[in-house]
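Biologist: I have a model open and would like to go through it with you. Can we start with what the record says and then do the overall build?

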Amino acid sequence: MKKEDCYFLGKITRRHGLHGNVFLKLDTDQPEMYSKLDTVFVDINGLLVPFFIARQSWSKGETLIVSFKNSTEALVDQVVGKDVYLPLSGLPKLTGNKFYYHEVIGFEIREEDGKSCGIIESVNDQTGQHYFVLTLAGKQIVIPIIKDWILEINREEKFLKMSLPEGLMDVFLIPSKKDE
């Protein structure tokens, strides 16, 4: 399994108890989708290694307590602190104006009039307000991800049409005049 064929699910944060269980902190806004995992892929030294789940139960919030099949003390020590992935093929297809962040990397953002705002290079979801990071005319542009601003997602032509507030693009493209 290659990392580009997977999506980040979460991180194994620490041991739980003495029976080889670990805490798996999920990085998702829909943790209920992961209440019955069979297999996860753990990034060990850059390779995605499959681990089969014997038992799992919920801890707090988005954290699972997981027990792997055939686990040993050495195996548990090896996976603590590691990132966990699942195959992209397991994600349900989204339609309409719903999308996965990894899905829109490389899409163009267009304003209502069709004017290009740039190509999405990445999505920052590490802050309270998630945003697209684009490049246009050699300049980095940041556009907040606000669902009411998204008018259309065209997956065939790879673009998002957005209703952006007047002047947002100017903040990034027009040089500011120094105060006198």
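Modeller: One note before the record: UniProt positions are given in the numbering used here, feature names are shortened, and annotations may be inferred rather than shown by experiment. Also, this is a predicted model.

Biologist: Fine. Which residues does UniProt list for the RimM PRC barrel domain?

Modeller: Residues 102–168, under "domain: Ribosome maturation factor RimM PRC barrel", and the entry is unreviewed.

Biologist: What is the chain made of over that stretch, in helix and strand?

Modeller: Over residues 102–168 it is 51% strand and 1% helix. The C-alpha atoms at the two ends of that stretch are 24 Å apart.

Biologist: And how many helices and strands in the protein chain?

Modeller: Two helices and 12 strands.

Biologist: In what order do they run from the N terminus?

Modeller: β-β-β-β-β-α-β-β-β-β-β-β-β-α, so to speak the chain opens with a strand and ends on a helix.

Biologist: Switching to shape. What is the radius of gyration of the protein chain?

Modeller: 21 Å, where a compact globule of 180 residues would be near 16 Å. Along the principal axes, the C-alpha atoms fill a box of roughly 65 × 40 × 30 Å.

Biologist: How much of the protein chain is buried?

Modeller: Buried residues are 34% of the 180. The accessible surface is about 11,300 Å², with 50% of that area belonging to carbon and sulfur atoms.

Biologist: Last one, charges. How many positive and negative side chains?

Modeller: The protein chain has 22 positive and 26 negative, and the centres of the two sets lie 7 Å apart.

Definitions and conventions. Residues are numbered from 1 along each chain as its sequence is written. This is a predicted model: local features need pLDDT of at least 70, side-chain atom pairs count only at pLDDT 80 or more; totals for chains, interfaces and linings use all residues. Side-chain values use heavy atoms; hydrogens and water are left out. Helices (H or I, at least four residues) and strands (E, at least two) are DSSP runs, numbered from the N terminus. The radius of gyration is taken over C-alpha atoms; the globule rule is 2.2 Å times the number of residues to the power 0.38. Buried means under 20% relative accessible area, exposed over 50%, partly exposed in between (1.4 Å probe, protein chains only). Accessible areas come from the Shrake-Rupley method with a 1.4 Å probe; for residues, only the protein chains shown count as cover. Lys and Arg count as positive and Asp and Glu as negative; His and the chain ends are not counted. The place of a charge is taken as NZ of Lys, CZ of Arg, CG of Asp or CD of Glu.
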